[in-house]
Amino acid sequence: MFSKILIANRGEIACRVAETARKLGIKTVAVYSEADAQAKHVTACDEAVLIGPAPAKESYLLGDKIIAVALATGAQAIHPGYGFLSENAGFAEACAKAGLVFIGPPASAIHAMGSKSAAKALMEKAKVPLVPGYHGENQDADFLQKEADGISYPVLLKASAGGGGKGMRIVDKSEDFKAALASCKREAINSFGDDKVLVERYLTRPRHIEIQVFADSHGECVYLFERDCSVQRRHQKVLEEAPAPGMSEERRRAMGEAAVAAAKAVGYVGAGTVEFIANQDGSFYFMEMNTRLQVEHPVTEMITGLDLVEWQLRVAFGEHLPLRQEQLQLNGHAIEARIYAENPEKGFLPSIGTLRYLHTPPAVHFRVDSHTHTPAAVRIDSGVREGDAISPFYDPMIAKLIVWGKDRSAALANMAAALAQYRIVGLATNIGFLQRLIAGQAFSTADLDTGLIERHHDALFPVLQPASTATLAMAASLLLSQEAERVSDSNNPWAHTSGWRMNGSLLRALQFADEAGSYQIHVEYRNDRRWVLHRDGVQHTLRFDKQGAADLRITLDDSTLAGNVVRDADTFHVFHQGHHAVLTWDDPLAHAGHSESEGGRLTAPMPGKIVAVLVEKGRSVTKGAPLLIMEAMKMEHTIAAPADGVIDELLYAVGDQVTEGAQLLAFTPG
């Protein structure tokens, strides 16, 4: 076995690879950018080397520099993880020329599957079912539109060199085709350096089912069953599970054998995933092959009892596959949820910031024993810790939350419980959205397809409700307890919040607000640490007991409630009964005299780069009209007109970098 490997990646996958390497007694070398100097993956490895500035193209995408580091540190092999250089055939070739083992497939297989159009031609020869479409070399816009018109709408535009949901657009009618094509090509060239696209018929209500394959250098290839990755937004996976609900043994075998045929057609070695798009009637079509370990590989590990990273290392070292097809067995059901720093209510915009508070559900350290497979009910794969920052330079994933159960209903219950215990303060997350998704009828009953989120939009994005009295009581209790702690050592009776007053009681007016509105409550001290909370003319008795830095137990009228309240300046994060409420306290002393109005300003929602300016100075626009397109976190975000009005001034041009909150243009409503 290798004695030392270099991990050419960052974040949770670098930590994941380092964990298995440590188990096998393999030393690891981390590489890191200036932005990642204090990152978790740096400390997870035995040694670490700085390779460049924060932008990936100046650090994690510098194949020559990474190879030089591997040689200088005595590494024998390079594990690319996923993303970055993992599917770069040139990098795999360069590793081989330098005498290093690339822990992945041969460059020829990466090249064959790297072009979606070329891969489809290979699959056609291997008799793997294909979706009708155009996969050729002609990229003329008029020609591609003609092909799309012939296929019939809706069609799917897809970057030929793409992956991860980037460079994809659904086009519903012919008149929208060229604008979608331009946007697709723009995103493709920025993400992959190649703007070639293919056009396919877009299937309605399809499922996304993928097969995990593994091949060795001795001609053996197996499939490790399937994963259902149908729940997606912007073509990016949100939830993954294994096995796929409703999968019959006959269909599993047919898809598995088709996936093995696809892998053998390109002389595959190592871990790979063959992705299929499946109709509700059971028919399936080859979509693409990802020539690397997938983000969602843990669900396969949980149901098989196998460590896929260990398999990668053994196969790359030249060993035979550890198991034959007939030895592979399914056990139970696993679901993975991707915890992201993003705001689902604002179009899933990535959220930049620091993890000021991080509390995760209890997780049993993931152990694999293929003979006595007893997986943990909860597993967390993460590359960040409390205090770490989510930067604009990389994917905003915080963690992968993976749960296991003896069946799907048990796994669903474990996921709901784990999400309810996940608490993050410092940036927006998708945890609340995931909770609604898991609890929704469509997912809970396995009524799955790639349009599930859009189809159930109203249920997944409900109308904001006013803060409950319990939520306000918890925020007020923490505020009062903190004030009491600050003056507890004072000898001045007027400074105490214990309630002592000459000829009167302590009465406090507290103003809180959230996105649903503002709330004024009054809290009045009575005696024996008992308060009365007044809200909208209704009185509630209140007692509270602060049990730790964030833990509270309150008695509101006749109900005793436990929760957690984390204060971040004047913002109170209330975690109660699995829900997260964010309240802002209006401190009249701290904010006296301050007010601000943005008027006709349109500002950047996050740091990024202007990739398209769609309007001119002096032009009249209608509400919702696209004005600018920003690229941030490797995705395009459209800035639209908030109302009818006139563009007074454009402040940025294509190619300009902008900071969060920067005014992008001057706009006069009306």
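**Exercise 1.** Leaving aside its neighbours within four places in sequence, which residues is Phe214 in contact with?

*Solution.* Note that this is a predicted model. Step one: set aside the sequence neighbours of Phe214 within four places. Step two: look for residues with heavy atoms within 4.5 Å. Step three: list them. Phe214 is in contact with Glu220, Cys221, Val222, Leu224, Gly270, Ala271, Leu308, Trp311, Gln312, Val315 and Leu321.

**Exercise 2.** Find which residues touch the most other members of the largest nonpolar core.

*Solution.* Start with the general rule. In soluble globular proteins, nonpolar side chains tend to be buried together. Now turn to this chain. Its largest nonpolar core holds 62 residues. Ile5, Phe214, Phe276 and Phe286 touch the most other members. Another core, of 37 residues, lies apart from this one. Leu239, Phe348, Leu419 and Leu460 are among its residues.

**Exercise 3.** Test whether the radius of gyration of the chain agrees with that of a compact globule.

*Solution.* Count first: the chain has 670 residues. A compact globule with that many would have a radius of gyration near 26 Å. The chain has 27 Å, so the two agree. Then take the spans. Along its principal axes, the C-alpha trace covers about 90 × 65 × 55 Å. Next, burial: 53% of the 670 residues count as buried.

**Exercise 4.** Describe the secondary structure and the charges of the chain.

*Solution.* Begin with the secondary structure: there are 17 helices and 41 strands. Then count charges. The chain carries 66 positive and 81 negative side chains. Finally, compare the centres of the two sets: they lie 2 Å apart.

How values were computed
Residues are numbered from 1 along each chain as its sequence is written. This is a predicted model: local features need pLDDT of at least 70, side-chain atom pairs count only at pLDDT 80 or more; totals for chains, interfaces and linings use all residues. Side-chain values use heavy atoms; hydrogens and water are left out. A nonpolar core is a set of buried Ala, Val, Leu, Ile, Met, Phe, Trp, Tyr and Cys residues joined through side-chain atoms within 4.5 Å. Buried means under 20% relative accessible area, exposed over 50%, partly exposed in between (1.4 Å probe, protein chains only). Helices (H or I, at least four residues) and strands (E, at least two) are DSSP runs, numbered from the N terminus. The radius of gyration is taken over C-alpha atoms; the globule rule is 2.2 Å times the number of residues to the power 0.38. Lys and Arg count as positive and Asp and Glu as negative; His and the chain ends are not counted. The place of a charge is taken as NZ of Lys, CZ of Arg, CG of Asp or CD of Glu.
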